[in-house]
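Colleague: I have the sequence and the structure open side by side. Could you pick one part and take me through it closely, starting from a single side chain and working outward?

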Amino acid sequence: MAEPAYTVTSDSETNGEEKSSSAFPETAIGIDIGTSQCSIAVWNGSQVELLKNTRNQKIMRSYVTFKDETPSGGVSNQLSHEHEIFSGAAIFNMKRLIGRVDTDPVVHASKSLPFLVQTLDIGVRPFIAALVNNVWRSTTPEEVLAIFLVELRAMAEVRLKRPIRNVVLTLPVSFSRFQLTRIERCCAMAGLHVLRLMPEPTAVALLYAQQQQQTVHENMGSGSEQIALIFNMGAGYCDVAVTATAGGVSQIKSLSGSAIGGEDILQNMMRHLLPNSESLFLKHGISEIKSMALLRVAAQDAIHKLSSQPSVQVDVDLGNGSKICKVVDREEFEEVNQKVFEKCESLIIQCMQDAKVEAEDLSDVILVGGCSYIPKIRNLVMGICKTQDISMGMNPLEAAVCGAALEGAVASGISDPFGNLDLLTIQATPMSIGIQADGKTFVPIIQRNTTIPARKELVFTTVHDNQTEALIVVYEGDEKKLEENNLLGYFKIGIPPAPKGIPEINVCMDIDASNVLRVLAGVIMPGTPHPVTPLMEVRMPTIDDGHGWCAEALHRAYGSTRDLVTVQKKI
Amino acid sequence: MLSTYFPSVLHSSPPFTGKKISGKPSSPAPASVKFRSRPVVTAAYASAERTRSSYLGPNKMASCLSLYEILGISMGANNQEIKAAYRRLARTSHPDVAAIDRKDSSADAFMKIHAAYSTLSDPEKRADYDRKLFRRHRPFESFSGISSPVTAMSGFSGYTRRNWETDQCW
């Protein structure tokens with residue numbers, strides 16, 4: 001065999017089939033990095049198997065403890081006590097921090113965590129630090145996650161007795177494309193190559209497709225289409241998907257998601273137990289951290305108990321002179337978390353509307369994730385979906401990682417003689433993608449829930465006479481206000497002098513099956529069939545840390561001088 | 001929104017076949033100035049999706065397959081047959097399952113299949129399409145306003161990294 005050529009991948013290239021193309025297909029492993037828990041699974045040749053760590057755990061806590069010189073994560077670490085995680089030395093909830101800027105409300109909510117989350121509120125990356133020997137030592141969410149992934153990788157390599165490189169990760173629906181690049185960066189830091197990043201409920205959808213395939217022994221394609229709603233709520237995020245499945249093919253019809261989860265419920269509960277808890281703990285002194293850990297554990301415990309009993313007695317001495325002695329019943333619990341539950345409902349309703357399905361159309365309703373044990377969550381899902389049966393025989397904590405392992409096998413080109421891998425998920429874009437035009441308006445080019453791979457284009461024109469440049473500012477999201485959407489990047493395109501409204505600026509967006517987004521732009525002048533200048537092709541996102549102020553800076557620098565408007569189709 | 005556009009076209013324009021489509025009055029000629037003579041109404045951006053590509057010659061797609069042929073089904077296929085055909089084709093053409101060496105072209109192939117499916121699985125769009133197909137025997141690219149993924153593809157596609165030389169006419 002010839003010596004492998006050295007290839008430099010593009011700076012923005014963090015994902016791609018080509019790099020991993022070796023002669024031997026390696027089965028990619030599936031990883032579910034949850035906000036609070038994590039698991040890893042692989043197709044073992046006949047079925048999906050969850051890998052266990054040395055302490056025989058399939059589900060591991062997602063955290064990294066910084067002690068002395070070597071950090072250690074929840075995969076290998078042996079905790080002396082639960083409180084150790086909350087001692088200031090451990091960083092957790094990475095998934096709620098990664099790729100977010102310090103103006104993000106989710107980052108601000110994380111300031112009450114026992115480690116240090118410092119914000120300057122200017123749209124840059126927040127500063128996070130762990131307490132090591134009474135010193136706040138800085139780190140980054142990416143670094144913490146990478147340390148954790150390295151542990152997972154090492155564990156999987158020991159279990160599988162082979163090097164691990166390719167992975168399929170499940171992620172929240174609401175993750176921005178910038179956040180996805182941060183996750184890819186973490187994986188690269190850990191020596192892992194991302195084969196696919198799957199929205200969590202779509203991984204569950206794939207597992208559902210396989211289960212359906214196994215129970216309905218019918219010929220491919222002849223099985224009738226089943227519409228399922230998948231509701232997945234973990235510690236950090238709540239996601240919903242509607243999928244149409246038949247013959248092992250799962251077509252994602254719609255997705256919705258938001259950064260709400262068990263962490264919000266926990267914080268509400270802590271606030272309920274100790275009304276001024278947040279301000280109390282902002283100081284982050286040693287004793288405050290200790291009290292906070294005690295409160296956190298007590299609140300968590302109470303929430304768990306309230307899932308199986310109508311009320312709970314909370315008795316905790318916070319050690320700083322304040323004692324909590326309170327009975328909390330389920331009604332109170334539901335009351336303090338009303339906003340969270342309302343948000344869950346609105347996500348389900350929106351997802352069903354987007355998929356154009358009614359409750360009666362749903363063949364199955366699947367409820368997974370840690371929060372699925374909360375009675376209120378079960379009731380609200382059952383209420384909207386008008387069903388009593390939401391069990392589905394799936395393990396709520398393992399469904400996503402099993403789906404990721406299936407996708408890992410399918411995307412690695414593994415086949416199964418019994419047809420157990422004759423599966424396919426046809427993904428959809430969770431958010432619209434478009435550009436700024438028509439004043440400060442977000443003009444979507446690819447609408448949300450478009451099947452990918454996808455390619456769409458739209459024609460724009462200039463707003464000024466002899467406008468020789470146009471600024472193409474790309475956003476994703478579905479918010480009416482331009483600035484509330486996620487900025488993905490920007491570039492300029494040159495235009496020959498002409499009266500306003502004459503040049504045609506064609507903007508095309510292409511998403512391939514690996515979810516890589518490319519934006520192409522070209523200028524056409526009347527009477528010429530071809531673009532007057534070379535096309536621009538930009539892989540998005542191009543933005544980097546500290547992008548929170550870029551849009552504003554662009555506006556300050558250019559005003560409306562390089563604006564575009566859409567061209568209406570003449571009928 | 002766009003689908004309402006086509007029936008009126010059918011009635012108003014003289015019958016053309018094959019290569020003459022580019023001349024039909026309803027289809028804006030590529031890069032024609034007339035096409036752009038409009039007041040700018042910002043709210044109407046969604047309708048700006050072009051019906052025709054300016055980059056490829058208008059005749060290139062003239063001998064293409066019908067949506068039914070793309071899915072490999074008869075014109076009388078019912079909704080379930082359409083769905084089954086779509087799934088069957090997705091299973092072989094989707095880039096996730098296609099062989100590594102065809103990943104690029106399979107994305108395009110899949111987009112065509114999906115576009116055909118989304119038109120034919122929607123009763124209203126299918127009725128429009130059938131009417132047009134029946135009357136004109138015209139290749140479906142002139143329906144591109146309906147199945148927008150198809151149109152979009154004809155735009156920049158010649159300039160992307162995909163292999164379009166072998167894939168222009170589907």
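Modeller: Happy to! Let's start at A:Glu537, which is partly exposed at 32% relative accessibility (buried is under 20% relative accessible area, exposed is over 50%, and partly exposed lies in between, with a 1.4 Å probe and protein chains only). Before going on, please note that this is a predicted model, where local features need pLDDT of at least 70 and side-chain atom pairs count only at pLDDT 80 or more, while totals for chains, interfaces and linings use all residues. Residues are numbered from 1 along each chain as its sequence is written, chains are lettered from A and ligands numbered from 1 in the order in which they are written, and side-chain values use heavy atoms, leaving out hydrogens and water.

Now, the partner. The side chain of A:Glu537 forms a salt bridge with that of A:Arg518, at 3.2 Å from N to O (a side-chain nitrogen of Lys or Arg within 4 Å of a carboxyl oxygen of Asp or Glu). This pair links distant parts of the chain, with A:Glu537 in strand β27 (residues 536–540) of chain A and A:Arg518 in strand β26 (residues 517–524) of chain A, 19 residues apart. Strands here are DSSP runs of E with at least two residues, helices are runs of H or I with at least four, and both are numbered from the N terminus. A:Arg518 has 12% relative accessibility, so it counts as buried.

It helps to set this pair beside others, since the structure holds 26 salt bridges over all chains. One of them joins the side chains of A:Arg162 and A:Glu26 at 3.7 Å, N to O. A:Arg162 sits in the loop between α3 (141–160) and β11 (166–171) of chain A, and A:Glu26 in the segment before β1 (29–33) of chain A, so this bridge ties together parts that are 136 residues apart in sequence. A:Arg162 is partly exposed at 25%, and A:Glu26 is partly exposed at 23%.

Within a helix, A:Glu157 and A:Arg153 also meet in a salt bridge, at 3.2 Å from N to O. These residues are four apart in helix α3 of chain A, separated by about one helical turn. At 24% relative accessible area, A:Glu157 is partly exposed, and A:Arg153 counts as partly exposed at 24%.

One more for your tour: A:Arg196, A:Glu407 and B:Asp96 are linked in a network of salt bridges.
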